[in-house]
Amino acid sequence: MTPTISVTQLSRRYRDQAALDNVSLAVEPGTVTGLLGRNGAGKTTLLRIITGLEFPSTGEVKVFGAAPAENEAVLRRMVFVREEQAYPDFRVGHAIRVASWFYPNWSAELAEQLLADFELPLGRRMRRLSRGMRSAVGIVIGLAARAELTLFDEPYAGLDAVARQLFYDRLLADFAEHPRTIVLSTHLIDEVADLLEHIVMLDHGRVALDAPADEIRGTGMTVSGPAIAVEEFVAGRPVWHRQRIASRASAVVPGPLDATAQARARALHLSLEPLSLQQLLVHASGTAEEKVSA
Amino acid sequence: MKTLVNVARYHLVDRITYVALPWGILAFSFLINVAIAAMAPNQPLGGIKTGGLVSIYVFLLVCGVVSMTRELPFGLMLGVSRRGYYLGTALLVLALGIAYGLALTVLQVLERASGGWGFSLHYFRVPWIMDGPWYQTWVTSFVLLVLFFLYGMWYGLAYRRWGLLGLATFVVAQMLVALAVVAVVTLTHHWTAFGHFFTTVQAPALTGVLAALTLALGLGGFTTMRRVTV
């Protein structure tokens, strides 16, 4: 099966700075991929090249098997919801109406429901909306478009926790009924951790990690308990991170731990806890010497 | 074609920019001129001539800028290529040029029939270039409306593509082109012929020259559009 997105040795340089440096990856159809990384890691540049808004310096991008730039046969099959999308000076209702003309799979029903969910005033001018409400307009368009490839780039600037949860719920519900390929770029890793099937992490324009989410979960464990017992347990193991408060200590070690190691930890009265995705990625993003090797 | 029509509809979804504002401004300028004409103690020979009509053309230039700056990012979010966006906007320009050109022609006919709205006002009649038969006025208005709009589009695109510095370069480049024309005419001692052309040219021929310029502006904008990023 052709991957929905395939990126081969893609680089994008802006003057002396490399925003993307030899990036290769593939996104399979029907999956939810998390595109993670710190500010300036190259996430937005990558998504802009995938959607044909920006041009590569070198390398190749294919979407649905063809180059996306200036290719309307490809472009109309995807929707890209951007952080801080700029809108003309018109009303919320206008934005929704215009979007309905362009997306072949547009669902007016879903749009209406989402507009009500987010309590968006149709007659309000876009520039009079709060940041969160403007983000909500983008989310409504992104979901109601039901595009085969749906890309979200930090879509919830200014949205509160309730509205974000609403977004995740609606995304999952509609995804279940109308499967599509979704790429979600975000900083709020733990919030979306359960949604993601695949994870791509960028770091300084390079792919730092590209693996199924299930493989990544459990690749790091926090061992905590009396400092002496922790030291005894981690002796001879690589340690990503160490912390000590008085007589208690904790250490982060690569997982998963086998049965022998687990039994040993129990014997030493240590508690074992898998690292959350967010913590794992913090370790993977170059602060630790050893990287997650997945 | 459907995409191009949709792009044109996108611009018109809020009719303020492309319909209400140009005509509102023109109406305002016209009423001011009528008021002045009505208060003038004695009419000059040949009626009162004003340059107020230029306001609609200038505003169409502004529309062109807006179409390629403020309206571009959302337009390109909608699965439209740059080519599609430019051509769809050009389609809107042609449609507006035809419709607004016709409206200006009708107003000119009315102005002539009413003796300059009763005050010998020449608002929709511009001596020489737009004072001929109705069809000539329609064609010339159309060409000028499209010319100003496309020119504005090119400015907007130059700004989007190269930023403020690029925009300044763009203006300087145009001045250099003008300077080059002047230099060529001077060095080849053709000022007499140059002056002769503009004093003897008939309005239709001038419209033809303007149409050629319009085409050049359109091509320039289209070329600039090809590598614009948002």
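# Exercises on a predicted two-chain model

In this predicted model, Arg82(B) forms a salt bridge with Glu70(A), and the closest N and O atoms of the pair are 3.2 Å apart.

## Exercise 1: The salt bridge and its partner

Task: Work out how the pair Arg82(B) and Glu70(A) satisfies the rule for a salt bridge, and then describe where Glu70(A) is placed.

Solution. Begin with the distance: the rule asks for a side-chain nitrogen of Lys or Arg within 4 Å of a carboxyl oxygen of Asp or Glu, and the closest N and O atoms of Arg82(B) and Glu70(A) are 3.2 Å apart. Across the interface of chain B and chain A, the rule finds two salt bridges.

Next, locate the partner in chain A: Glu70(A) is in the loop between β4 (58-63) and α2 of that chain. Its relative accessible area is 13%, and the cut-off for buried is under 20%, so Glu70(A) counts as buried.

Finally, look at the backbone: Glu70(A) has a positive phi of about 60°, although it is not a glycine. Most residues other than glycine have a negative phi.

## Exercise 2: The interface as a whole

Task: Describe the interface of chain B and chain A, moving from the residues in contact to the area that the two chains bury, and then to the polar contacts.

Solution. First take the residues: 27 residues of chain B are in contact with 29 residues of chain A. Then take the area, which is about 2,700 Å² buried between the two chains, with 57% of it on carbon and sulfur atoms. In chain B, the residues that lose the most area to chain A are Val13(B), Phe74(B) and Met77(B), which together make up 25% of what that side buries.

The third step concerns polar contacts, for which the count between chain B and chain A is eleven residue pairs, both residues being at pLDDT 80 or more. On the side of chain B that touches chain A, the elements giving two or more residues are α1 (2-12), α4 (72-77) and α5 (82-113) of chain B. Of these, α1(B) gives the most, with six residues. Sorted by class, that side of chain B has twelve nonpolar, six polar and nine charged residues.

The predictor's scores for the complex are an ipTM of 0.89 and a pTM of 0.90.

## Exercise 3: A helix covered from both chains

Task: Which residues of α1(B) are buried, and what covers them?

Solution. Start by listing the buried residues of α1(B), which are Thr3(B), Leu4(B), Asn6(B), Val7(B), Ala8(B), Tyr10(B) and His11(B). Then turn to the cover, which includes elements of both chains: α2 (72-75) and α3 (92-102) of chain A, together with α2 (16-39), α3 (54-68), α4 and α5 of chain B.

## Exercise 4: Two side chains in helices

Task: For Thr105(B) and for Ser135(A), find the helix, the burial and the surroundings.

Solution. Thr105(B) is in helix α5 of chain B, and with a relative accessibility of 2% it counts as buried. A polar atom of the Thr105(B) side chain lies 2.7 Å from the backbone oxygen of Gly101(B). When neighbours within four places in sequence are left aside, Thr105(B) is in contact with Trp134(B), Thr137(B) and Trp138(B).

Ser135(A) is in helix α5 (residues 131-144) of chain A, and at 11% relative accessibility this serine counts as buried. A polar atom of the Ser135(A) side chain lies 2.6 Å from the backbone oxygen of Ala157(A). Not counting residues up to four places away in sequence, Ser135(A) touches Pro155(A), Tyr156(A), Ala157(A) and Leu159(A).

## Exercise 5: Backbone details and the build of chain B

Task: Where is the cis peptide bond between Gly255(A) and Pro256(A) placed, and how is chain B built?

Solution. The peptide bond from Gly255(A) to Pro256(A) is cis, with omega near -5°, and Pro256(A) is in the loop between β12 (248-254) and α10 (259-267) of chain A. Most peptide bonds are trans.

Chain B has nine helices and two strands, and from the N terminus on its elements run α-α-β-α-α-α-α-β-α-α-α. In helix α6 (residues 116-120) of chain B lies Ser120(B), which has a positive phi of about 55° although it is not a glycine; with a relative accessible area of 30%, Ser120(B) is partly exposed.

Of the 230 residues of chain B, 45% count as buried. The average pLDDT of chain B is 93, and 100% of the residues score at least 70.

Terms used: Residues numbered from 1 in each chain as written. Chains lettered and ligands numbered in written order. Heavy atoms only, no water. Contact = heavy atoms within 4.5 Å. Buried area = accessible area lost by both parts, 1.4 Å probe. Polar contact = N/O pair within 3.5 Å; in protein donor to acceptor, adjacent residues only side chain to side chain. Helix = DSSP H or I, 4+ residues; strand = E, 2+ residues; numbered from the N terminus. Nonpolar A, V, L, I, M, F, W, Y, C, P; charged D, E, K, R; others polar. pLDDT = per-residue confidence, 0-100. Buried < 20%, exposed > 50% of the residue type's maximum accessible area, 1.4 Å probe, protein only.
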